[in-house]
Amino acid sequence: MSEQFLNYINGEWIQAKSGEVIESINPANWDEVVGVIQHSNQEDVDLAVQAAKSAFKNWSKMSAVNRGLFLEKAAALLEQRADEIAEIATKEMGKVLAEMKGEVLRGVAILRYYAQEGMRTNGEVLPSASDEKFLFTKRVPLGVVGVITPWNFPVAIPIWKMAPALVYGNTVVFKPAAETGVTAAKIVEIFAEAGLPQGVLNLVNGDGAVAGNALVEHEDVHAITFTGSNAVGRQIAAKAALKGKKYQLELGGKNPAIVLEDADLELAANLTVAGAMKQTGQRCTATSRVYVHEQVYDTFKELLLEKVRSLKIGNGLDPNAQMGPVASKKQFDTVIGYIEKGKEEGASLLVGGGVPKEQGLEKGYFIEPTIFENVAHDMTIAREEIFGPVLCLIKVKNYEEAIEKANDTVYGLSASLFTNNIGRTFQFVDDIEAGLIQINGETGGAEPQAPFGGMKESSSNSREQGQAAKEFFTTIKTVTVLPVH
Ligand code: NAD
(Lines give C-alpha, C1' and ligand atoms only; values in the text may rest on other atoms or scores of the structure.)
Protein backbone atom coordinates (compact mmCIF):
# COMPACT_ATOMS: atom_id res chain seq x y z
CA MET A 1 0.00 0.00 0.00
CA SER A 2 1.45 3.39 -0.97
CA GLU A 3 1.97 6.09 1.61
CA GLN A 4 -0.98 8.40 2.07
CA PHE A 5 -0.48 12.19 2.17
CA LEU A 6 -3.11 14.20 4.01
CA ASN A 7 -4.48 17.70 3.68
CA TYR A 8 -3.14 20.33 6.08
CA ILE A 9 -5.92 22.41 7.57
CA ASN A 10 -5.75 24.65 10.64
CA GLY A 11 -2.41 23.16 11.68
CA GLU A 12 -3.52 19.51 11.42
CA TRP A 13 -2.94 16.77 8.86
CA ILE A 14 -6.40 15.41 8.03
CA GLN A 15 -8.22 13.26 5.51
CA ALA A 16 -10.57 14.70 2.90
CA LYS A 17 -14.27 14.60 3.79
CA SER A 18 -14.98 12.65 0.60
CA GLY A 19 -12.91 9.74 1.93
CA GLU A 20 -11.53 9.47 -1.61
CA VAL A 21 -7.93 9.60 -2.72
CA ILE A 22 -6.00 10.16 -5.95
CA GLU A 23 -2.92 8.12 -6.91
CA SER A 24 0.19 10.01 -7.94
CA ILE A 25 1.87 7.93 -10.66
CA ASN A 26 5.55 7.95 -11.65
CA PRO A 27 5.61 8.91 -15.35
CA ALA A 28 8.94 7.08 -15.82
CA ASN A 29 7.32 3.85 -14.61
CA TRP A 30 3.54 3.81 -14.56
CA ASP A 31 3.47 0.76 -12.27
CA GLU A 32 4.87 2.85 -9.43
CA VAL A 33 2.46 4.82 -7.25
CA VAL A 34 4.54 7.55 -5.63
CA GLY A 35 1.87 8.20 -3.02
CA VAL A 36 -1.83 8.78 -2.61
CA ILE A 37 -3.22 12.25 -1.99
CA GLN A 38 -6.60 13.53 -0.89
CA HIS A 39 -9.50 14.07 -3.28
CA SER A 40 -10.82 17.16 -1.53
CA ASN A 41 -14.27 18.55 -2.10
CA GLN A 42 -16.08 21.80 -1.37
CA GLU A 43 -16.39 20.95 2.33
CA ASP A 44 -12.61 20.55 2.71
CA VAL A 45 -12.01 23.80 0.87
CA ASP A 46 -14.51 25.54 3.13
CA LEU A 47 -12.74 24.24 6.26
CA ALA A 48 -9.39 25.44 4.89
CA VAL A 49 -10.76 28.87 3.99
CA GLN A 50 -12.39 29.28 7.41
CA ALA A 51 -9.08 28.36 9.08
CA ALA A 52 -7.22 30.88 6.92
CA LYS A 53 -9.86 33.52 7.66
CA SER A 54 -9.54 33.05 11.43
CA ALA A 55 -5.74 33.09 11.27
CA PHE A 56 -5.68 36.31 9.25
CA LYS A 57 -6.39 38.59 12.20
CA ASN A 58 -3.23 37.77 14.15
CA TRP A 59 -1.00 37.02 11.18
CA SER A 60 -1.72 40.32 9.47
CA LYS A 61 -1.00 42.20 12.70
CA MET A 62 2.37 40.51 13.26
CA SER A 63 5.25 42.69 12.06
CA ALA A 64 6.48 41.86 8.58
CA VAL A 65 9.99 41.47 10.01
CA ASN A 66 8.73 38.67 12.25
CA ARG A 67 6.71 37.06 9.45
CA GLY A 68 9.92 37.01 7.42
CA LEU A 69 11.62 34.94 10.14
CA PHE A 70 9.29 32.01 9.36
CA LEU A 71 10.36 32.14 5.72
CA GLU A 72 14.01 32.26 6.76
CA LYS A 73 13.46 29.10 8.78
CA ALA A 74 11.57 27.41 5.94
CA ALA A 75 14.48 28.25 3.59
CA ALA A 76 16.96 26.52 5.91
CA LEU A 77 14.73 23.44 6.26
CA LEU A 78 14.13 23.20 2.51
CA GLU A 79 17.87 23.47 1.90
CA GLN A 80 18.52 20.63 4.37
CA ARG A 81 15.89 18.43 2.70
CA ALA A 82 16.66 19.47 -0.89
CA ASP A 83 17.81 16.00 -2.02
CA GLU A 84 14.80 14.20 -0.55
CA ILE A 85 12.28 16.66 -2.01
CA ALA A 86 13.97 16.78 -5.41
CA GLU A 87 13.82 12.98 -5.60
CA ILE A 88 10.12 12.88 -4.76
CA ALA A 89 9.32 15.60 -7.29
CA THR A 90 11.33 13.80 -10.00
CA LYS A 91 9.37 10.63 -9.27
CA GLU A 92 6.09 12.51 -9.52
CA MET A 93 6.61 14.55 -12.68
CA GLY A 94 9.65 13.09 -14.43
CA LYS A 95 12.08 15.99 -14.71
CA VAL A 96 15.74 14.92 -14.41
CA LEU A 97 17.09 15.08 -10.87
CA ALA A 98 19.75 17.73 -11.56
CA GLU A 99 17.08 20.09 -12.92
CA MET A 100 14.75 19.26 -10.05
CA LYS A 101 17.47 19.90 -7.46
CA GLY A 102 18.15 23.23 -9.17
CA GLU A 103 14.46 24.05 -8.83
CA VAL A 104 14.39 23.19 -5.13
CA LEU A 105 17.43 25.42 -4.51
CA ARG A 106 15.68 28.15 -6.41
CA GLY A 107 12.80 27.69 -3.96
CA VAL A 108 15.32 28.26 -1.15
CA ALA A 109 16.56 31.46 -2.83
CA ILE A 110 12.98 32.72 -3.27
CA LEU A 111 12.22 32.10 0.40
CA ARG A 112 15.37 33.99 1.43
CA TYR A 113 14.51 36.89 -0.87
CA TYR A 114 10.98 37.23 0.55
CA ALA A 115 12.18 36.73 4.13
CA GLN A 116 14.14 39.97 3.67
CA GLU A 117 11.10 41.63 2.13
CA GLY A 118 9.73 42.00 5.65
CA MET A 119 12.47 44.60 6.24
CA ARG A 120 11.84 46.67 3.12
CA THR A 121 9.53 49.67 2.72
CA ASN A 122 5.80 49.13 2.82
CA GLY A 123 4.62 52.60 1.90
CA GLU A 124 5.59 56.09 0.88
CA VAL A 125 5.52 59.55 2.38
CA LEU A 126 4.04 62.01 -0.11
CA PRO A 127 4.03 65.80 -0.23
CA SER A 128 0.64 67.30 0.59
CA ALA A 129 -0.80 70.46 -0.96
CA SER A 130 -1.53 71.55 2.58
CA ASP A 131 1.25 73.08 4.73
CA GLU A 132 -0.03 71.16 7.72
CA LYS A 133 -1.08 67.75 6.58
CA PHE A 134 1.07 64.65 6.70
CA LEU A 135 0.28 62.33 3.76
CA PHE A 136 1.46 58.76 3.52
CA THR A 137 0.55 55.34 2.12
CA LYS A 138 0.64 51.98 3.82
CA ARG A 139 0.61 48.64 2.04
CA VAL A 140 -1.75 46.14 3.67
CA PRO A 141 -2.58 42.49 2.92
CA LEU A 142 -5.66 41.37 0.98
CA GLY A 143 -6.93 38.61 3.28
CA VAL A 144 -7.25 34.94 2.30
CA VAL A 145 -5.38 34.14 -0.92
CA GLY A 146 -6.08 31.03 -3.02
CA VAL A 147 -2.92 29.61 -4.65
CA ILE A 148 -3.54 27.28 -7.63
CA THR A 149 -0.46 25.82 -9.31
CA PRO A 150 0.58 23.48 -12.17
CA TRP A 151 2.76 20.37 -12.03
CA ASN A 152 5.66 21.55 -14.17
CA PHE A 153 7.50 23.53 -11.45
CA PRO A 154 6.05 21.77 -8.41
CA VAL A 155 8.38 23.48 -5.92
CA ALA A 156 9.34 26.89 -7.33
CA ILE A 157 5.91 28.09 -8.48
CA PRO A 158 4.07 27.35 -5.20
CA ILE A 159 6.90 29.00 -3.27
CA TRP A 160 7.08 32.09 -5.46
CA LYS A 161 3.37 32.60 -4.82
CA MET A 162 3.14 31.57 -1.15
CA ALA A 163 6.29 33.32 0.14
CA PRO A 164 5.22 36.83 -0.91
CA ALA A 165 1.57 36.16 -0.01
CA LEU A 166 2.65 35.27 3.52
CA VAL A 167 5.31 37.90 4.14
CA TYR A 168 2.90 40.67 3.14
CA GLY A 169 0.46 39.37 5.77
CA ASN A 170 -2.06 37.25 3.83
CA THR A 171 -3.12 33.77 4.81
CA VAL A 172 -3.15 31.02 2.18
CA VAL A 173 -5.15 28.06 0.90
CA PHE A 174 -2.96 26.09 -1.50
CA LYS A 175 -4.43 23.82 -4.21
CA PRO A 176 -1.57 22.24 -6.16
CA ALA A 177 -1.83 20.13 -9.32
CA ALA A 178 -2.88 16.57 -8.46
CA GLU A 179 0.06 15.19 -10.49
CA THR A 180 2.46 16.64 -7.90
CA GLY A 181 0.35 16.47 -4.75
CA VAL A 182 2.97 14.55 -2.77
CA THR A 183 5.64 17.18 -3.46
CA ALA A 184 3.13 19.83 -2.40
CA ALA A 185 2.53 18.03 0.90
CA LYS A 186 6.31 17.98 1.50
CA ILE A 187 6.58 21.72 0.90
CA VAL A 188 3.74 22.40 3.32
CA GLU A 189 5.43 20.09 5.84
CA ILE A 190 8.44 22.40 5.68
CA PHE A 191 6.37 25.50 6.40
CA ALA A 192 4.69 23.64 9.26
CA GLU A 193 8.08 22.62 10.70
CA ALA A 194 9.16 26.25 10.40
CA GLY A 195 6.44 26.93 12.98
CA LEU A 196 3.85 28.90 11.00
CA PRO A 197 0.87 29.55 13.29
CA GLN A 198 -2.14 27.30 12.67
CA GLY A 199 -4.40 28.28 9.80
CA VAL A 200 -1.87 30.61 8.15
CA LEU A 201 -1.10 28.09 5.39
CA ASN A 202 -3.54 25.32 4.44
CA LEU A 203 -3.24 22.57 1.84
CA VAL A 204 -6.17 21.03 -0.02
CA ASN A 205 -5.06 18.46 -2.54
CA GLY A 206 -7.44 17.35 -5.27
CA ASP A 207 -8.96 17.75 -8.65
CA GLY A 208 -8.96 21.18 -10.31
CA ALA A 209 -12.59 21.19 -11.36
CA VAL A 210 -13.70 20.26 -7.81
CA ALA A 211 -11.29 21.63 -5.18
CA GLY A 212 -9.76 24.32 -7.42
CA ASN A 213 -13.14 25.57 -8.51
CA ALA A 214 -14.49 25.59 -4.94
CA LEU A 215 -11.57 27.80 -3.94
CA VAL A 216 -12.19 30.22 -6.80
CA GLU A 217 -15.89 30.44 -5.96
CA HIS A 218 -15.53 30.75 -2.18
CA GLU A 219 -16.96 34.01 -0.80
CA ASP A 220 -14.21 34.40 1.81
CA VAL A 221 -11.31 34.12 -0.62
CA HIS A 222 -10.14 37.61 -1.53
CA ALA A 223 -7.65 36.84 -4.28
CA ILE A 224 -6.60 34.00 -6.57
CA THR A 225 -3.09 33.59 -7.93
CA PHE A 226 -3.07 31.00 -10.71
CA THR A 227 -0.46 29.46 -13.00
CA GLY A 228 -1.63 26.96 -15.60
CA SER A 229 -3.36 26.64 -18.94
CA ASN A 230 -5.12 29.43 -20.79
CA ALA A 231 -8.42 27.54 -20.85
CA VAL A 232 -8.60 27.19 -17.05
CA GLY A 233 -7.13 30.66 -16.52
CA ARG A 234 -9.90 32.28 -18.54
CA GLN A 235 -12.59 30.51 -16.51
CA ILE A 236 -10.94 31.63 -13.29
CA ALA A 237 -10.71 35.23 -14.49
CA ALA A 238 -14.41 35.30 -15.37
CA LYS A 239 -15.48 33.83 -12.02
CA ALA A 240 -13.13 36.03 -10.00
CA ALA A 241 -14.31 39.15 -11.83
CA LEU A 242 -17.96 38.28 -11.14
CA LYS A 243 -17.23 37.79 -7.45
CA GLY A 244 -15.07 40.90 -7.18
CA LYS A 245 -11.88 39.03 -6.31
CA LYS A 246 -8.41 40.16 -7.26
CA TYR A 247 -6.79 37.66 -9.64
CA GLN A 248 -3.48 37.00 -11.26
CA LEU A 249 -2.88 34.57 -14.14
CA GLU A 250 0.36 33.20 -15.56
CA LEU A 251 -0.51 31.08 -18.59
CA GLY A 252 0.92 29.50 -21.70
CA GLY A 253 3.53 30.48 -24.26
CA LYS A 254 4.64 29.82 -27.85
CA ASN A 255 8.07 31.26 -27.37
CA PRO A 256 10.24 32.19 -30.35
CA ALA A 257 14.01 32.36 -30.70
CA ILE A 258 15.53 34.30 -33.61
CA VAL A 259 18.99 33.50 -34.94
CA LEU A 260 20.48 36.31 -37.07
CA GLU A 261 23.24 36.01 -39.65
CA ASP A 262 25.91 37.39 -37.28
CA ALA A 263 25.04 35.12 -34.32
CA ASP A 264 27.43 32.82 -32.52
CA LEU A 265 25.86 29.69 -34.01
CA GLU A 266 27.37 27.23 -31.56
CA LEU A 267 25.94 29.21 -28.63
CA ALA A 268 22.61 29.68 -30.40
CA ALA A 269 22.28 25.95 -31.15
CA ASN A 270 23.19 24.95 -27.59
CA LEU A 271 20.71 27.36 -26.05
CA THR A 272 17.96 26.59 -28.53
CA VAL A 273 18.23 22.89 -27.68
CA ALA A 274 18.28 23.70 -23.95
CA GLY A 275 15.33 26.06 -24.39
CA ALA A 276 13.30 23.52 -26.30
CA MET A 277 14.19 20.25 -24.59
CA LYS A 278 15.04 20.99 -20.95
CA GLN A 279 12.33 19.62 -18.71
CA THR A 280 11.13 17.71 -21.79
CA GLY A 281 9.77 20.96 -23.22
CA GLN A 282 7.28 21.33 -20.38
CA ARG A 283 8.08 24.90 -19.46
CA CYS A 284 5.82 27.85 -20.15
CA THR A 285 8.99 29.59 -21.35
CA ALA A 286 10.20 26.68 -23.55
CA THR A 287 11.50 27.56 -27.02
CA SER A 288 8.86 26.35 -29.44
CA ARG A 289 9.78 28.10 -32.70
CA VAL A 290 13.24 29.05 -33.95
CA TYR A 291 13.47 31.53 -36.86
CA VAL A 292 16.84 31.34 -38.58
CA HIS A 293 18.31 33.75 -41.14
CA GLU A 294 18.65 32.02 -44.51
CA GLN A 295 22.39 32.79 -44.73
CA VAL A 296 23.16 30.61 -41.69
CA TYR A 297 20.20 28.22 -41.83
CA ASP A 298 22.02 25.11 -43.10
CA THR A 299 24.93 25.42 -40.68
CA PHE A 300 22.60 26.09 -37.75
CA LYS A 301 20.40 23.12 -38.69
CA GLU A 302 23.39 20.76 -38.70
CA LEU A 303 24.52 21.99 -35.28
CA LEU A 304 21.01 21.68 -33.90
CA LEU A 305 20.55 18.12 -35.16
CA GLU A 306 23.93 17.02 -33.85
CA LYS A 307 23.08 18.32 -30.36
CA VAL A 308 19.55 16.93 -30.27
CA ARG A 309 20.71 13.49 -31.46
CA SER A 310 23.20 13.32 -28.59
CA LEU A 311 20.56 13.91 -25.88
CA LYS A 312 20.21 10.93 -23.56
CA ILE A 313 16.63 10.06 -22.65
CA GLY A 314 15.97 8.19 -19.42
CA ASN A 315 14.38 7.97 -16.01
CA GLY A 316 14.97 11.32 -14.29
CA LEU A 317 16.68 9.51 -11.41
CA ASP A 318 19.32 8.07 -13.77
CA PRO A 319 22.32 10.43 -13.41
CA ASN A 320 23.12 10.01 -17.12
CA ALA A 321 19.67 11.03 -18.30
CA GLN A 322 19.38 14.49 -19.84
CA MET A 323 15.68 14.31 -20.68
CA GLY A 324 12.99 12.51 -18.70
CA PRO A 325 9.46 11.46 -19.66
CA VAL A 326 6.56 13.86 -20.03
CA ALA A 327 4.59 14.19 -16.81
CA SER A 328 1.50 12.05 -17.39
CA LYS A 329 -0.53 9.94 -19.82
CA LYS A 330 -2.64 13.00 -20.62
CA GLN A 331 0.48 14.97 -21.47
CA PHE A 332 1.84 12.07 -23.55
CA ASP A 333 -1.36 11.81 -25.61
CA THR A 334 -1.46 15.57 -26.19
CA VAL A 335 2.16 15.83 -27.34
CA ILE A 336 1.96 12.74 -29.60
CA GLY A 337 -1.28 14.22 -31.00
CA TYR A 338 0.58 17.43 -31.96
CA ILE A 339 3.41 15.45 -33.58
CA GLU A 340 0.87 13.52 -35.69
CA LYS A 341 -0.84 16.78 -36.61
CA GLY A 342 2.50 18.22 -37.73
CA LYS A 343 3.07 15.24 -40.02
CA GLU A 344 -0.50 15.33 -41.39
CA GLU A 345 -0.35 19.05 -42.14
CA GLY A 346 2.84 18.51 -44.16
CA ALA A 347 5.74 19.66 -41.97
CA SER A 348 8.97 17.66 -42.49
CA LEU A 349 10.15 15.63 -39.54
CA LEU A 350 13.92 16.09 -39.13
CA VAL A 351 14.49 14.08 -35.99
CA GLY A 352 12.45 12.22 -33.34
CA GLY A 353 8.69 12.11 -33.66
CA GLY A 354 8.10 8.89 -31.76
CA VAL A 355 8.72 6.87 -28.67
CA PRO A 356 12.32 5.85 -27.82
CA LYS A 357 13.05 2.14 -28.15
CA GLU A 358 15.74 1.83 -25.45
CA GLN A 359 15.33 -0.89 -22.84
CA GLY A 360 13.95 0.20 -19.52
CA LEU A 361 11.74 2.93 -20.94
CA GLU A 362 8.77 0.70 -21.91
CA LYS A 363 6.63 1.67 -18.96
CA GLY A 364 7.19 5.41 -19.08
CA TYR A 365 5.71 8.34 -20.98
CA PHE A 366 8.87 8.99 -22.97
CA ILE A 367 8.87 10.94 -26.24
CA GLU A 368 11.87 11.53 -28.49
CA PRO A 369 13.14 15.09 -28.85
CA THR A 370 11.50 16.19 -32.07
CA ILE A 371 12.30 18.84 -34.67
CA PHE A 372 10.15 19.78 -37.67
CA GLU A 373 11.17 21.96 -40.62
CA ASN A 374 9.18 23.35 -43.55
CA VAL A 375 6.64 24.48 -41.00
CA ALA A 376 4.11 26.85 -42.58
CA HIS A 377 3.03 29.77 -40.42
CA ASP A 378 -0.59 28.59 -40.24
CA MET A 379 0.16 24.99 -39.21
CA THR A 380 -1.16 23.90 -35.82
CA ILE A 381 2.35 23.12 -34.51
CA ALA A 382 3.45 26.67 -35.36
CA ARG A 383 0.52 28.25 -33.52
CA GLU A 384 -0.51 26.23 -30.47
CA GLU A 385 1.37 25.60 -27.24
CA ILE A 386 2.59 21.95 -27.39
CA PHE A 387 4.23 21.71 -23.95
CA GLY A 388 6.50 18.86 -24.96
CA PRO A 389 9.92 18.25 -26.61
CA VAL A 390 8.94 19.58 -30.04
CA LEU A 391 10.65 22.42 -31.91
CA CYS A 392 9.70 24.11 -35.22
CA LEU A 393 12.75 25.17 -37.28
CA ILE A 394 11.80 27.96 -39.70
CA LYS A 395 13.91 29.72 -42.35
CA VAL A 396 13.47 33.50 -42.74
CA LYS A 397 14.82 36.04 -45.25
CA ASN A 398 15.63 38.73 -42.70
CA TYR A 399 15.06 40.19 -39.22
CA GLU A 400 11.79 41.87 -40.30
CA GLU A 401 10.22 38.58 -41.42
CA ALA A 402 11.34 36.89 -38.20
CA ILE A 403 9.81 39.60 -36.01
CA GLU A 404 6.56 39.62 -37.93
CA LYS A 405 6.15 35.86 -37.55
CA ALA A 406 7.41 35.76 -33.97
CA ASN A 407 4.81 38.34 -32.93
CA ASP A 408 1.91 36.85 -34.87
CA THR A 409 0.59 34.77 -31.96
CA VAL A 410 -1.84 35.24 -29.10
CA TYR A 411 0.98 34.51 -26.65
CA GLY A 412 3.70 36.86 -25.40
CA LEU A 413 5.65 35.18 -22.64
CA SER A 414 9.34 34.96 -23.55
CA ALA A 415 11.59 35.41 -26.59
CA SER A 416 15.29 35.18 -27.47
CA LEU A 417 17.48 36.90 -30.02
CA PHE A 418 20.90 35.57 -30.99
CA THR A 419 23.08 38.32 -32.46
CA ASN A 420 26.25 40.35 -31.92
CA ASN A 421 24.64 43.47 -33.31
CA ILE A 422 23.96 45.98 -30.55
CA GLY A 423 21.58 48.03 -32.72
CA ARG A 424 19.43 44.97 -33.43
CA THR A 425 19.46 44.11 -29.74
CA PHE A 426 17.75 47.34 -28.73
CA GLN A 427 15.45 47.25 -31.74
CA PHE A 428 14.36 43.74 -30.68
CA VAL A 429 13.56 44.92 -27.16
CA ASP A 430 11.19 47.47 -28.74
CA ASP A 431 9.79 45.20 -31.46
CA ILE A 432 9.14 41.90 -29.70
CA GLU A 433 5.85 41.35 -27.89
CA ALA A 434 7.09 39.40 -24.87
CA GLY A 435 7.32 39.98 -21.14
CA LEU A 436 10.66 38.17 -20.83
CA ILE A 437 13.44 38.93 -23.31
CA GLN A 438 16.78 37.18 -23.62
CA ILE A 439 19.66 38.35 -25.78
CA ASN A 440 22.02 35.44 -26.49
CA GLY A 441 20.21 33.45 -23.81
CA GLU A 442 17.62 30.67 -23.80
CA THR A 443 13.94 31.56 -23.60
CA GLY A 444 13.60 29.89 -20.19
CA GLY A 445 15.05 31.21 -16.97
CA ALA A 446 14.15 33.66 -14.23
CA GLU A 447 15.69 35.17 -11.12
CA PRO A 448 13.74 35.67 -7.86
CA GLN A 449 14.40 39.40 -7.69
CA ALA A 450 13.21 40.13 -11.25
CA PRO A 451 9.58 40.49 -12.37
CA PHE A 452 8.28 37.45 -14.25
CA GLY A 453 5.30 37.26 -16.61
CA GLY A 454 3.98 37.65 -20.10
CA MET A 455 2.18 40.02 -22.47
CA LYS A 456 -1.02 39.38 -24.46
CA GLU A 457 -2.79 36.11 -23.54
CA SER A 458 0.21 34.73 -21.63
CA SER A 459 -0.81 36.49 -18.45
CA SER A 460 -3.23 38.90 -16.85
CA ASN A 461 -0.50 41.52 -17.34
CA SER A 462 0.34 41.24 -13.70
CA ARG A 463 3.86 40.18 -12.75
CA GLU A 464 5.18 37.73 -10.19
CA GLN A 465 8.41 37.64 -8.17
CA GLY A 466 10.70 40.48 -7.16
CA GLN A 467 9.08 43.71 -6.01
CA ALA A 468 6.33 43.18 -8.59
CA ALA A 469 4.73 40.61 -6.26
CA LYS A 470 3.87 43.41 -3.84
CA GLU A 471 1.46 44.89 -6.40
CA PHE A 472 -0.64 41.75 -6.35
CA PHE A 473 -0.45 40.61 -2.75
CA THR A 474 -1.14 43.98 -1.10
CA THR A 475 -3.50 46.89 -1.43
CA ILE A 476 -2.83 50.50 -0.46
CA LYS A 477 -4.24 52.68 2.29
CA THR A 478 -3.69 56.40 1.71
CA VAL A 479 -3.60 58.29 5.00
CA THR A 480 -3.83 62.01 5.66
CA VAL A 481 -3.05 63.28 9.15
CA LEU A 482 -3.89 66.82 10.23
CA PRO A 483 -2.16 67.57 13.51
CA VAL A 484 -4.47 69.62 15.73
CA HIS A 485 -2.53 72.30 17.65
P1 NAD B 1 -4.00 23.31 -15.81
O2 NAD B 1 -4.61 24.63 -16.18
O3 NAD B 1 -4.63 22.08 -16.30
O4 NAD B 1 -3.93 23.16 -14.21
C5 NAD B 1 -3.33 24.14 -13.40
C6 NAD B 1 -3.97 24.09 -12.00
O7 NAD B 1 -5.33 24.48 -12.10
C8 NAD B 1 -3.97 22.70 -11.36
O9 NAD B 1 -3.77 22.83 -9.97
C10 NAD B 1 -5.38 22.20 -11.64
O11 NAD B 1 -5.82 21.23 -10.72
C12 NAD B 1 -6.17 23.49 -11.48
N13 NAD B 1 -7.48 23.51 -12.15
C14 NAD B 1 -7.87 22.78 -13.23
N15 NAD B 1 -9.16 23.07 -13.53
C16 NAD B 1 -9.58 24.01 -12.65
C17 NAD B 1 -10.79 24.73 -12.46
N18 NAD B 1 -11.84 24.55 -13.24
N19 NAD B 1 -10.85 25.64 -11.46
C20 NAD B 1 -9.79 25.87 -10.66
N21 NAD B 1 -8.62 25.21 -10.79
C22 NAD B 1 -8.50 24.30 -11.77
O23 NAD B 1 -2.46 23.42 -16.26
P24 NAD B 1 -1.31 22.31 -16.14
O25 NAD B 1 -1.53 21.30 -17.21
O26 NAD B 1 -1.17 21.86 -14.74
O27 NAD B 1 -0.01 23.19 -16.47
C28 NAD B 1 0.45 23.44 -17.76
C29 NAD B 1 0.11 24.84 -18.21
O30 NAD B 1 0.65 25.79 -17.28
C31 NAD B 1 0.74 25.20 -19.54
O32 NAD B 1 -0.19 25.88 -20.34
C33 NAD B 1 1.88 26.14 -19.16
O34 NAD B 1 2.29 27.03 -20.17
C35 NAD B 1 1.32 26.84 -17.98
N36 NAD B 1 2.39 27.42 -17.16
C37 NAD B 1 2.56 28.77 -17.15
C38 NAD B 1 3.58 29.35 -16.41
C39 NAD B 1 3.78 30.85 -16.39
O40 NAD B 1 4.41 31.34 -15.45
N41 NAD B 1 3.28 31.58 -17.36
C42 NAD B 1 4.43 28.54 -15.66
C43 NAD B 1 4.24 27.15 -15.69
C44 NAD B 1 3.21 26.61 -16.43
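Here are a few friendly notes on the ligand site and the internal cavities of this predicted model.

1. **Where the ligand sits.** A good place to start is the largest pocket, since that is where the ligand sits. The shell around the ligand counts 28 residues, and the closest are Thr149, Lys175, Ser229, Leu251 and Glu385.

2. **Make-up of the shell.** Sorted by class, the residues around the ligand are 15 nonpolar, ten polar and three charged. If you colour the site by residue class, those are the numbers to expect.

3. **Which elements contribute.** Three elements each give at least two residues to the shell around the ligand: helix H7 (208-217), strand E11 (223-227) and helix H8 (230-243). Of the shell, H7 supplies the largest share, with four residues.

4. **Polar contacts and burial.** Glu385, one of the closest residues, has a polar side-chain atom 2.5 Å from an oxygen atom of the ligand. For Trp151, an N or O atom of the side chain is 3.2 Å from a ligand oxygen atom. Gly208 takes part through its backbone, with an N or O atom 3.4 Å from an oxygen atom of the ligand. As for burial, the ligand taken alone exposes 860 Å², and 90% of that is buried by the protein.

5. **Cavities overall.** How many cavities of 30 Å³ or more does the structure hold? There are three. The two described below are the largest, at about 100 Å³, and the second largest, at about 60 Å³.

6. **The largest cavity.** Its lining consists of 15 residues, and nearest the centre of this cavity lie Gly281, Ala286, Ser288, Ile386 and Phe387. By class, the lining of the largest cavity holds six nonpolar, six polar and three charged residues.

7. **The second largest cavity.** Here too the lining is made of 15 residues; Pro256, Tyr411, Gly412, Ser414 and Glu433 are the ones nearest the centre. Strand E13 (255-259) and helix H13 (399-407) each provide at least two residues of this lining. The class split for the second largest cavity is six nonpolar, five polar and four charged.

8. **Views to try.** For the ligand, you might display Trp151, Gly208 and Glu385 together with the ligand oxygen atoms. For the cavities, Ile386 and Phe387 are among the residues nearest the centre of the largest one, while Tyr411 and Gly412 are among those nearest the centre of the second largest.

Terms used. Residues are numbered from 1 along each chain as its sequence is written. This is a predicted model: local features need pLDDT of at least 70, side-chain atom pairs count only at pLDDT 80 or more; totals for chains, interfaces and linings use all residues. Side-chain values use heavy atoms; hydrogens and water are left out. A residue is near a molecule or strand if one of its heavy atoms lies within 4 Å of it. A polar contact is a pair of N or O atoms within 3.5 Å; within protein, one must be able to donate a hydrogen and the other to accept it, and residues adjacent in sequence count only if both atoms are side-chain atoms. Accessible areas come from the Shrake-Rupley method with a 1.4 Å probe; for residues, only the protein chains shown count as cover. On a 1 Å grid over the protein atoms alone, a cavity is a set of points where a 1.4 Å probe fits but cannot get out, and a pocket is an open set with protein on both sides within 12 Å along at least five of seven lines; lining residues have an atom within 4 Å of a point. A molecule sits in a cavity or pocket if more than half of its atoms lie within 2 Å of its grid points. Ala, Val, Leu, Ile, Met, Phe, Trp, Tyr, Cys and Pro count as nonpolar, Asp, Glu, Lys and Arg as charged, and the others, Gly among them, as polar. Grid points are joined across faces, edges and corners, and a volume is the space filled by probe spheres set on the points.
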